[in-house]
Amino acid sequence: MPHTTISPSQLFWGNMVVLMTTENPDGSPNISPMSSAWWFAHRSVLGVLAMSQTAQNMLRNKKCVLNLASQDMTSSVNLLARTTGVSPVPDFKAAMGYVCVKDKFEHAKLTLQESAIGGPPRVKECKVQMECEVVAWTEMMADLPDKKGVMLSFEVKILKTHVLDEIRLEGYENRIDADKWHPMYHVFSQYYGGGEKLTETSELAKIDPEMYRAVVE
Ligand SMILES: Cc1cc2nc3c(=O)[nH]c(=O)nc-3n(C[C@H](O)[C@H](O)[C@H](O)COP(=O)(O)O)c2cc1C
């Protein structure tokens, strides 16, 4: 069978959903769902829109927590989808139906858990929480003068990892039981887990995928 050359508006092939917590200028917490994250040793690289409150918070105080969403957290992710801590909502996001929400913990019915190291709070419902420090960042798409800096790439150092005992490998102090950890994935605006589409309808899927072209082309 031949391949067909196509031009997808986005390349959301499938990544874990992370609930990033950061601290706003007034000291209040922000939460943002994101999925452009990958892991290598005790580092992670994160792709974040510069217009987001999350990026601005990370640039300012160099801290964040990466709280991993599990398959039972679709309703919390849906409540956070299409929200921003930025006011007024940037035009690009307003056109996609985003609204400004100041207290995202309350909005998403999530529980704040204090940091163990004096950084932004953790999300208690997440079975995995990684407290991080920003060590480097770059402006992406620097080859396109009109897009340079629209997206930022952050390298973060993972300082403390907290997990619930239910996902630890029995008999080992520092290992995860892969059979017990069930991450939630974002695949082309839908939520997946274990290769199956999760039952709750994705809020993100209400956005016309063609709207993402404005950012990348
Ligand atoms: C499942 C999911 C994955 C997302 N992935 C990303 C991402 O990787 N990078 C990003 O900048 N925004 C991503 N977003 C969109 C952000 O959540 C959105 O920009 C949000 O408004 C950021 O909130 P803030 O402005 O309060 O930081 C994702 C949203 C959802 C629901």
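Biologist: In which loop is Lys62 found?

Modeller: In this predicted model, Lys62 is in the loop between H1 and strand E6 (63–68).

Biologist: What makes the phi of Lys62 worth a remark?

Modeller: Most residues other than glycine have a negative phi. Lys62 is not a glycine, yet its phi is positive, about 60 degrees.

Biologist: How do you know whether the peptide bond from Ser87 to Pro88 is cis or trans?

Modeller: From omega, which is near -5 degrees, and the bond is cis. Most peptide bonds are trans. As for its place, Pro88 belongs to the loop between E7 and helix H3 (91–94).

Biologist: Now the ligand. Why is the pair formed by Ser32 and the ligand called a polar contact?

Modeller: The cut-off for a pair of N or O atoms is 3.5 Å. A side-chain N or O atom of Ser32 is 3.4 Å from an oxygen atom of the ligand, so the pair is within the cut-off and counts as a polar contact.

Biologist: What makes the pairs of Gly47 and Thr83 with the ligand count as well?

Modeller: Both use backbone atoms of the protein. For Gly47, an N or O atom lies 3.0 Å from a nitrogen atom of the ligand. For Thr83, the distance is 2.7 Å, to an oxygen atom of the ligand. Each value is within 3.5 Å, so each pair is a polar contact.

Biologist: How much of the ligand does the protein cover?

Modeller: On its own the ligand has 640 Å² of accessible area, and the protein covers 93% of that.

Biologist: Which elements give two or more residues to the shell around the ligand?

Modeller: Strand E3 (29–34), strand E5 (43–49), helix H1 (53–61) and strand E7 (83–84) do. E3 gives the most, with four residues. The shell has 21 residues, and Ser36, Thr54, Thr83, Thr84 and Lys104 come nearest.

Biologist: What makes up that shell, by residue class?

Modeller: Seven of its residues are nonpolar, 12 are polar and two are charged.

Biologist: Which pocket does the ligand take up?

Modeller: The ligand takes the space of the largest pocket, whose volume is about 1,100 Å³. Its lining holds 48 residues, with Phe12, Met34, Ser35, Ser36 and Gly47 nearest the centre. By class, the lining has 28 nonpolar, 17 polar and three charged residues.

Biologist: What is the volume of the second largest pocket?

Modeller: About 330 Å³. Its lining has 15 residues, and Leu68, Val128, Met130, Thr161 and Ile176 lie nearest its centre. Strand E4 (37–40), strand E11 (128–139) and strand E12 (151–163) each give two or more residues to this lining, and E12 gives the most, with three.

Biologist: Why are residues such as Leu68 and Val128, which line the second largest pocket, called nonpolar?

Modeller: Leu and Val are on the list of nonpolar residue types, so Leu68 and Val128 count as nonpolar. In the whole lining of the second largest pocket, 12 residues are nonpolar, two are polar and one is charged.

Terms used
Residues numbered from 1 in each chain as written. Predicted model: local features only at pLDDT ≥ 70, side-chain atom pairs only at ≥ 80, totals over all residues. Heavy atoms only, no water. Near = heavy atom within 4 Å. Polar contact = N/O pair within 3.5 Å; in protein donor to acceptor, adjacent residues only side chain to side chain. Areas by Shrake-Rupley, 256 points an atom, 1.4 Å probe, with all protein chains shown as cover. 1 Å grid on protein atoms, 1.4 Å probe; cavity = no way out; pocket = protein on both sides within 12 Å on 5 of 7 lines; lining within 4 Å. Sits in = over half its atoms within 2 Å of the grid points. Points joined across faces, edges and corners; volume = space filled by probe spheres on them.
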